[in-house]
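Got the model open in your viewer? Let's take a short walk through it, one selection at a time.

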Amino acid sequence: MGDTVTKKKKLKISVDHNLEERTIKRIEVNAEVSGKKPVGKINFAELRAGGFIKQRQKDKFTVRLKCPGGSMTLDRLKKIVEAVEQFGGGQLHLSTRQSMEILHVDYHNFGPLVEMLKESSQEVASCGPRVRVPNACGGCSYNPNGITDTQKMAETVNEKFFGMRTNHKFKMSFSGCPHDCIHAASADLGLIGAVWPVWEEASCTGCTICASACTEGAIESHPETGKPVFDADKCLYCDDCVRACPTSSWTAGKSGHNLRVGGHHGRHPVNSTIAARFLSDEEAEAAIGATIAWYQKAGEGKGRIRLGNLLMQEGQMESYLEALTEAIGPEKLAEDIQRPHKITIRR
Amino acid sequence: MAELAADKFIDISGEVCPMSFVLTKLALDELEDGQVLELICQAGDPVRNISIQLKDEGHMIVSVKKEADGNFRLKIKKNG
Ligand code: SF4
Ligand code: SF4
Ligand code: SF4
């Protein structure tokens, strides 16, 4: 261990968790502490991946569980209840990012707790500077406003990218429509379901329902014909006109995920910026992969810096957009892309 | 759009969601497929939500008229 520390210092690696993890991965011990009985092996590599958070109480930890998109099966839930009964303090907490957390776990019990949860494929989530479990709203699987399948996205994205090392925490959130219930606009990477509405005059009866349906004022009814007069600049891509029109005169010209990057909350909140529009599921995945890869590379030697703060630095947005274009092509890039910007809060 | 005769009529212009939806659905429950419900509802959110919800559930809005007082008169064909 002493060796490693010196090496780290010499190399001056600002993102040192990689090195640290590689070293610790090999150590497996039988936890034997005076006055406590041995409780099997503790796998330090597993601990390092995060998800075990020290509490105020002596020896007690909160164990954060992986729940992509906030979904939970009955099988897993039953196993979690069993684990709480045996190793927890009789209490669960729902984290602000949709994870179930088992409270008051004595660290001597980490080994058997993890083994028990594995019986129902329940895994422990992460914390620290890495890709976290993605959040998602109900999306189109049951929410009537949903345009995209956010739940499926959360699951596939979690499988592909969970736990990857990044300079700082990397949080993703997926909303099924512009209501953005899951706050994708303040995530490091957010996807928001969107529809570009297209109108066909021939089938339109001039009933004016679409003007009632549009809460953005993007559709006014023509005073004589009742037919829609569309103001594209006000459209928020919500799909309401398409869903409300009795004659299907409004249809979805384009639909998919709008990509937002660089947001976060916290002490110095940053509002994300829109980078691309109407991505398919596959394009969205490619964009996520490209964003993480760019973040890892551009962040080299820059220490704990969030994606948004990196993108705000001179020249970085341009470099990021090049990488994004390589992954998804130029057609779907948003028009007039801004940098993420700080939200001013009063102290 | 050819005018269809209504098989049932409700006035829900005093209601908002979720009552507007529940009353519309209860009225539709009394009809056979293909029969027509005529209803009056408020402009704004009620007509917006009713239109979206009925379309989502497979019914067809066959006629829409704006009343002098600003309310909407809809004719809905059950599972149309
Ligand atoms: S963001 Fe849209 S789809 Fe998702 S829960 Fe909110 S309203 Fe429903
Ligand atoms: S998609 Fe939404 S915001 Fe755009 S015109 Fe239709 S109802 Fe209005
Ligand atoms: S809701 Fe449809 S039919 Fe009615 S005015 Fe709008 S486009 Fe025309």
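Start by selecting A:Ser175: opposite it, in S9(A), stands A:Ile192. Keep in mind as you click around that this is a predicted model. Now colour the two strands here, S8 (172-175) and S9 (189-199) of chain A; they run parallel, joined by 4 bridges.

Widen the selection to the sheet. What is the strand order? Across this open sheet of 5 strands in chain A, you'll read S7-S8-S9-S12-S14, with mixed pairing. S7 (135-136) and S14 (273-279) are the edge strands, each pairing on one side only.

Next, add the helices that pack on the sheet. Show H6 (150-161) of chain A: this helix touches S7, S8, S9 and S12 (250-261), and its direction makes about 160° with that of S8(A). Then show H9 (281-298) of chain A, which touches S8, S9, S12 and S14, with its direction at about 150° to that of S14(A).

Go back to A:Ser175 and bring up ligand 1, since that residue is also in the ligand's surroundings. The shell includes A:Cys137, A:Cys177 and A:Cys181, along with A:His179 and A:Asp180. Sort the shell by type and you get 3 nonpolar, 6 polar and 1 charged.

Last stop: H2 (45-56) of chain B, 12 residues reaching 16 Å from first C-alpha to last, close to the 16 Å expected. Its buried residues include B:Val47, B:Ile50 and B:Leu54. What do the buried residues pack against? Look for H7 (209-213) and H8 (240-244) of chain A, plus H1, S2, S3 and S4 of chain B. Just past the helix, click B:Gly58, which takes a positive phi of about 90°.

Methods. Residues numbered from 1 in each chain as written. Chains lettered and ligands numbered in written order. Predicted model: local features only at pLDDT ≥ 70, side-chain atom pairs only at ≥ 80, totals over all residues. Heavy atoms only, no water. Near = heavy atom within 4 Å. Nonpolar A, V, L, I, M, F, W, Y, C, P; charged D, E, K, R; others polar. Expected span 1.5 Å × (residues − 1). Buried < 20%, exposed > 50% of the residue type's maximum accessible area, 1.4 Å probe, protein only. Contact = heavy atoms within 4.5 Å. Pairing = 2+ DSSP bridges. Axes fitted to C-alpha atoms, helices over the stretch in contact; angles between N-to-C directions.
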